[in-house]
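Got a minute to poke around a model together? Have a look at this one first, and then we'll talk it through.

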Amino acid sequence: MSSEKTEVHADPGTNMRPFAESNPPMENTEDVKDDIKVEVDEAEEELDLYRPLPMDPNIPYEGNPLTIRAVVVGCILGALVNASNLYLGLKTGFTFSASMFGAIFGYGILRVMSKAERVPIIGGLFGPQENSIVQAAATGAGGIAGIFVAGIPALYQLNVMHPDGPARSPRDDIGAIFTITLVCSFLGLFFVTPLRKFFIIHVARELKLMFPTPTATALTIRSMHAGAAGSIEAMKKLKGLGLAFVSAFIHRIASYYAVGILYDWHVFTWIHIWSGYTSWALNIESWGWYFEWTPAFIGSGILIGLNPAISMFIGGVLAWGLIGPLLVHYGVCIGIQLAPDDPKWDSMYSFASLKDLGKGPPSPRYWLLWPGVMVMVCCSMAELVIQYKVIGVGIKALWNHGCASINSMLIGRGKSSAFFAKHGAERQKAEDVIEDPSTPDEQVKHWMWTLGLLVTIVAAILIFHFQWEMHPGLTILAVILAILFSFLAIQIGAVTDNTPLTAASKASQLVFGAATSSSGFSVAHAQKLNLVAGGLASGGADVATSLTSDFRTGFLLGTPPIKQWIAQAFGTFIAVWLAPGLFVLFTSAYPCIYDSSYTKCAFAIPSVSAWAAVARAVTDPTVSIPKTSGIFAIVMGIFSVAQVVFRHYYLVGSREKYRAYLPNWGAIALSWVIPAPVFANAALLGAIIAAIWRKYKAESWDIYGYAVAAGLIAGEGLGGVVGAVLTLAGVDGSVKGTQIACPMLEC
């Protein structure tokens, strides 16, 4: 959840990074943190995690870890995660990293392949560096799904893709979608390449850039290749991940044909029927109070821990058990009666409509949307600003590093500069020098990233001008913002494992709102530019963070950077074509994703609503925000910022232990944006399972816990892709299955 926090653990499974709006800062994952502190403390007694890890001396030398089999397997595994991310992101706004999934599954596949020693390409030596290539390719292929669960659908929801022409579907705009994906992906890939030494080597110790999840991935790969004992444990992890993946996949497909039995348990509907169709139980059902056996969100609850899960549940209770019903009771908001002519179901209402805004009392979902977005943005921004000292030190270190590089170039040409020599010397004094284990021939060549970056920027100017009607000056501004926010996202994510992509995208939207406010653009055009710019900032920061994270994993394992860079570039190239194709698949099967006229939808698309809300707020002077909602949003935004300040400046030292009891306002706000508490219920179950498992079966948890969670998430996601195919083929559950046990016989 590109959320946002998974701390260092020997095996933290799939990293949930905040990506899109529903990726709130998971600031209080203390259940995981306690476990992590022990792990890190024990590791640091033996290892310096700012230097390459000592490897098992019995591991044979890997001459060239960049193999065809590693890249192909990594891309396939990343594609599975990409498909899962699109499905899960559209449902809830959460996306997940492919890093640990690729590392563990890749280990199992390549270990089997390596035994075919006589088969060219397939067989041969398999070691930890090649394992890191698999996860790098998987990370690349599994990325960039975030813009398809937020900004791009929002373009259609606001009807700004073609405001003056006939309605079109994403299938009709596939060319434009491909090109913006290309720019977002390769901008992040190219511009961050020269910053590898800066983030990974020169300032890592000084700024305490631990990169928790990439470090955990490296430790996991190292342990899996540590002789016979490591191999045995690795196979256990693989079996746990594989069994969870297959089970979740089969369950999701089977559940389409008996959704009310295998997936959604509408307990209050059952009570309504059993009690002779009385209205009180159906009133509760109308607010979304049922349980969904979603393996993905049970798995996500296993990963995030009790504090965020409880916070999400509390947010659901506040929104859909208290605030929403009170708003309707006092006439501030209204619901839509779904079956007024059927006496059995006439007390069934929908409270999630986003149609006809400004023409009467809004739905509770629209009223709650603004406080949810406000708290998300305030939390993310506050967490960003609170790190001003770290950011300041990082900027200064980057300046000194640049001066040192320029001075070295001048000296190499027989020239000198007192200015650059002075500031470059400050870097040498300040840093605890770590030798780069990679030789010059193992580095990414300067011409590769400079030429790539130049071509990408030129392509962005042309593409955004002709396809998105964006002035070249605004495109340059969008690129600069993407680079700036990527720098901040990498730095903050390396310290907290909480990549603030929400802050990056929202800040970009706010800047573009100001930039276009007096430029004479129509509201529709301004909103289109706003969403495209936010997508560029978020997508670029996501890819840049992923590559830097992979560089960290490779640094610890001794993998040549050029090999990882090429592997991730291949994976990213696959994602550029895969993610738009999957998006078209889902929108073809479920038109409600892009067409706001639908009252019911299989996807909640909370991130889409949040992005669209911010775009409207900063571009449309006539946008109607309910006054009471606006006041409540401001109050809660201030309160959430105050808690961030309180947590960072007061709950320190001996009082730090009380941080575990603070609510996670990002998670609470997420439940206000998702128009039902169903996902919070499932995540809470997963968190409870994890807490009990960790407490009473710690050894088993260390081996299987995060691997099982990763398998559950990826398995249901892939099952969702198959579900879209079944829908397009006309053989899905609505045609061939049963809707028994569902309200109004429709789930």
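What follows is a run of questions and answers on this predicted model.

Q: How many helices and how many strands are in the chain?
A: Keep in mind that we're looking at a predicted model. The chain has 747 residues, and 61% of them count as buried. As for secondary structure, the count comes to 28 helices and six strands.

Q: What share of the area the chain exposes do carbon and sulfur atoms supply?
A: The chain exposes about 28,000 Å². Of that area, the part supplied by carbon and sulfur atoms is 66%.

Q: How far does helix α2 reach from its first C-alpha to its last?
A: Helix α2 covers residues 68-92, which is 25 residues. At 1.5 Å a residue you'd expect 36 Å. Most of α2 is covered, with 20 of its 25 residues buried. The model's end-to-end reach is close to the expected one, at 35 Å.

Q: Which residue just after α2 takes a positive phi?
A: Helix α2 ends at residue 92. Right behind it there's a phi of about 90°, and the residue with that angle is G93.

Q: Where does α3 bend, and by how much?
A: Helix α3 runs over residues 99-114, and its 16 residues should span 22 Å at 1.5 Å a residue. Its end C-alpha atoms are 21 Å apart, which agrees. There's still a kink to report: α3 bends at G106, by about 25°.

Q: Is G102 buried or exposed?
A: G102 is found in helix α3, a helix with 13 of its 16 residues buried. Leaving out neighbours within four places in sequence, G102 is in contact with L77, Y107, V134, Q135 and A138. The cut-off for buried is under 20% relative accessible area. G102 has 0% relative accessibility, so the label is buried.

Q: How far apart in space are G102 and S132, C-alpha to C-alpha?
A: In sequence, G102 and S132 are 30 residues apart. In space, their C-alpha to C-alpha distance is 8.9 Å.

Q: Which residues make the nonpolar surface patch of about 520 Å²?
A: Take V119 as a way in: this residue is in the loop between α3 and α4. V119 has 39% relative accessibility and therefore counts as partly exposed. The full patch is made by I68, V72, I76, V119, I121 and I122.

Q: Which residues does Q443 touch, not counting those up to four places away in sequence?
A: Q443 lies in the loop between α17 and α18. Loop or not, Q443 is buried, with a relative accessible area of 13%. The residues Q443 touches are R196, K197, D436, S438, P561 and I562.

Q: By how much does α27 bend at Y704?
A: Helix α27 takes in residues 698-729, and its 32 residues should span 46 Å at 1.5 Å a residue. The end C-alpha atoms are 46 Å apart, so expectation and model agree. After α27 comes G730, with a positive phi near 75°. The bend at Y704 is about 45°.

Q: How far apart are the closest N and O atoms of R168 and D173?
A: A search of the whole structure turns up six salt bridges, and R168 with D173 is a salt bridge pair. R168 is partly exposed at 34% relative accessible area, whereas D173 is buried at 5%. Their closest N and O atoms are separated by 3.1 Å.

Q: Why are K237 and E233 separated by about one helical turn?
A: An α-helix has 3.6 residues a turn, so residues three or four places apart point the same way. K237 and E233 form a salt bridge, with 3.7 Å between the closest N and O atoms. K237 is buried at 2% relative accessible area, while E233 is partly exposed at 32%. The separation is about one turn because, within helix α9, the two are four residues apart.

Q: How many residues apart in sequence are the parts that K528 and E469 tie together?
A: K528 forms a salt bridge with E469, and the closest N and O atoms are 2.9 Å apart. K528 lies in helix α21 and E469 in the loop between α18 and α19, so the pair ties together parts whose separation in sequence is 59 residues.

Q: Which residues are linked in a network of salt bridges?
A: Side chains of opposite charge can pair when their charged atoms come close. Here the linked residues are K91, E292 and E716.

Methods: Residues numbered from 1 in each chain as written. Predicted model: local features only at pLDDT ≥ 70, side-chain atom pairs only at ≥ 80, totals over all residues. Heavy atoms only, no water. Buried < 20%, exposed > 50% of the residue type's maximum accessible area, 1.4 Å probe, protein only. Areas by Shrake-Rupley, 256 points an atom, 1.4 Å probe, with all protein chains shown as cover. Expected span 1.5 Å × (residues − 1). Bend = angle between axes of the 7 residues up to and from the residue. Contact = heavy atoms within 4.5 Å. Patch = residues over 30% accessible without salt bridge, like charges linked within 9 Å, V, L, I, M, F, W, Y side chains within 5 Å. Salt bridge = Lys/Arg side-chain N within 4 Å of Asp/Glu carboxyl O.
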